Amino acid sequence: MRFRHRAAAGFATLLLPLAGLVGLASPAQAATEATATYAKTQDWGTGFEGKWTVKNTGTTTISSWTVEWDFPSGTSVTSAWDADVTSSGTHWTAKNKSWNGTLAPGASVSFGFNGTGSGAPANCKLNGGSCDGGGSVPGDNPPSAPGTPSASDITNTSVKLTWSAATDDNGIKNYDVLRDGTKVATVTGTTYTDTNLTAGTDYSYTVQARDTADQTGPVSGARAVRTTGGGTDPGPQPGEKINLGYFTEWGVYGRNYHVKNLVTSGSAAKITHINYAFGNVKNGQCVLDDAYAATDKAYTADQSVSGVADTWDQPLRGNFNQLRQLKATYPHIKVLWSFGGWTYSGGFGQAAQNPAAFAKSCKAVVEDPRWADVFDGIDIDWEYPNACGLTCDTSGPAAFRNLMQALRAEFGSNYLVTAAITADGSSGGKLDAADYGGAAQYLDWYNVMTYDYFGAWDRTGPTAPHSPLTSYSGIPKEGFTSAAAIAKLKAKGVPASKLLLGIGFYGRGWTGVTQSAPGGTATGAAPGTYEAGIEDYKVLKTSCPATGTIAGTAYAHCGSNWWSYDTPSTIAGKMTWAKNQGLGGAFFWEFSGDTGNGELVSAISNGLK
């Protein structure tokens, strides 16, 4: 498996003649400034996988490295990656690639190989001197790398680090904690709180295990941490309004939108919460949907929030690891895992039959030890309880309240529990189908989906804004406005502070339209990048600029197409309205619809101040 994976990825290298090796450093330099550590990371009987880690332990940069060792007869390297490996009889030599030879003080690099035979390396030399890094005790392999540390309890001057244990054939003695490549502590457990830090400062932490023979293993992955204060984390402060955005799991594919885009757009400093969408609901349980996108997709250094590349063997990659890095850099951000949505709401009916079991399954997946530090709560997006969405639900009016009660009982007061709900304010509509008033006591807030009221599913129109704030003369259906939905929820006893106003970062449109004002006829859905009848704001702002406003939102008529969408100007008006209503803030669907400089996120942030 390992070999096929490496070969498919293009990392396997041909073994070259030893005569091609040049540029070795002097033995004196190597012995005092660098170490090389060996570990057998896999053994499948007919072969094995080995890994060397080279670390610069000196105070000056190393420009190249070469590791040499002897294997007993019958043991050999068959393929290698991240180094050029050659042999002369039983003597083996590995030289850095062009891109990984430079090591700053405290930095390390690893290379690996597949091999045959059962022998262990001996007579290790690094740049001509002693390796000084373990792997040379007969019959005793050095320990594995510990898990990448997670960061929590970040303050102006301290951070708590936690990591998963390393493994060793004879036992782990202790761990060295390294801050920016320099050892700051040695501990026997798998947690450490680093203190006396500087406010508003970036740090990088790694961990290295030592076994009972005092051999050190490879360092863990790096965790980027920024301490609070110091004016470097300009995020929202306690007591400010909520500014929550949905991050879609599948956006990393065709949309090419990643967690780092929140940083480069400037949005990370302006939001308070992220809803990660979506987890699935199957067999009455919360489950992870796309494991590759969430936990396995590898990011290069330039794609990563921390600026550190993922390694093939680290325990967590993908969106979850990127969100972990984002929280370390912007500790004001809270992340909730959202389950359901339009596509996955069909499973809630079965979940409602045993709310306690459902809640227990949700907590188990949210608190999975591989990513427990990533999530601060859970969001339920049931579209729609006791009503119709993609499918129709007949769970009864009490099912939603019962589910929320069970979730709060299971998650307790230390987690956020929220729900995205319908904004149908019509008489006898979806807001009247479930006990949203009774359920509110168990929730921190509702994300009221005050968008998608009108769209090209009505192929011939009439054209109407999909996110009207208020009613207007000629609106196709009364009660399909933000104001009507908020008023109905308040009347049901939901506190205004538990209501967030929804903003769509996209437009909905028709084609075959000749009338500029709302109310025109159409022939079908306007063309869209990913789906007919819908388009991102970042596209519409230039392809079909707004030509008018109605009911607190914008519309545009260009050629035969008619679109409605929110702009920074209409968002400003909606935020003023939300503040006047005493709402808890706003949320939006979803990040990738915004411009590269996050102008819609900025409009919400500025409008809520």
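Me: Why does Cys544 count as buried?

Reply: In this predicted model, Cys544 has a relative accessibility of 1%, and since a residue is called buried under 20%, Cys544 counts as buried.

Me: What makes Cys544 and Cys558 a disulfide?

Reply: Their sulfur atoms are 2.0 Å apart, and the cut-off for such a pair is within 2.5 Å, so Cys544 and Cys558 qualify as a disulfide. The link is left-handed, with -115° about the S-S bond. Cys544 lies in the loop between helix H12 (537-543) and strand E30 (548-550), and Cys558 lies in strand E31 (residues 553-558), so the pair ties together parts that are 14 residues apart in sequence.

Me: Why is Cys558 called partly exposed?

Reply: Cys558 has a relative accessible area of 24%, and because the partly exposed class lies between under 20% and over 50%, Cys558 is placed in that class.

Me: How many disulfides does a search of the whole structure find, and what makes Cys286 and Cys362 one of them?

Reply: The search finds three disulfides, and the sulfur atoms of Cys286 and Cys362 are 2.0 Å apart, which is within the 2.5 Å that the term requires. With 60° about the S-S bond, this link is right-handed. Cys286 belongs to strand E21 (residues 285-287) and Cys362 to helix H8, so the pair ties together parts that are 76 residues apart in sequence. Cys286 is at 6% relative accessibility and Cys362 at 0%; buried means under 20%, and therefore Cys286 counts as buried and so does Cys362.

Me: Why are Cys388 and Cys392 put in the classes partly exposed and exposed?

Reply: Cys388, at 38% relative accessibility, falls between the limits of under 20% and over 50% and is therefore partly exposed, whereas Cys392, at 54%, is over 50% and therefore exposed. A disulfide joins Cys388 to Cys392, with 1.9 Å from S to S, and that link is right-handed, with 105° about the S-S bond.

Me: Why is the aromatic pair of Phe320 and Phe375 called edge-to-face?

Reply: The rings of Phe320 and Phe375 lie 5.0 Å centre to centre, with 85° between the planes; rings pair when their centres lie within 6.5 Å, and planes over 60 degrees apart count as edge-to-face, so the pair meets both conditions. Phe320 is in helix H5 (residues 318-329) and Phe375 in the loop between helix H8 (355-366) and strand E23 (377-381), 55 residues apart, and the pair links distant parts of the chain. Both Phe320 and Phe375 are buried, and they belong to one aromatic cluster that includes Phe247, Tyr257 and Trp337.

Me: What makes the charged end of Lys430 sit over the ring of Tyr384?

Reply: The charged end of Lys430 is 5.2 Å from the ring centre of Tyr384, and the distance limit is within 6 Å, so this part of the test is met. Lys40 likewise lies over the face of Phe48, at 5.0 Å from the ring centre.

Me: Why is Leu126 called buried?

Reply: Leu126, which lies in strand E9 (residues 122-126), has 0% relative accessibility and therefore counts as buried, the term being reserved for values under 20%.

Terms used: Residues numbered from 1 in each chain as written. Predicted model: local features only at pLDDT ≥ 70, side-chain atom pairs only at ≥ 80, totals over all residues. Heavy atoms only, no water. Phe/Tyr/Trp six-rings, centres within 6.5 Å; stacked < 30°, edge-to-face > 60°. Helix = DSSP H or I, 4+ residues; strand = E, 2+ residues; numbered from the N terminus. Buried < 20%, exposed > 50% of the residue type's maximum accessible area, 1.4 Å probe, protein only. Lys NZ or Arg CZ within 6 Å of the ring centre and 35° of its normal.
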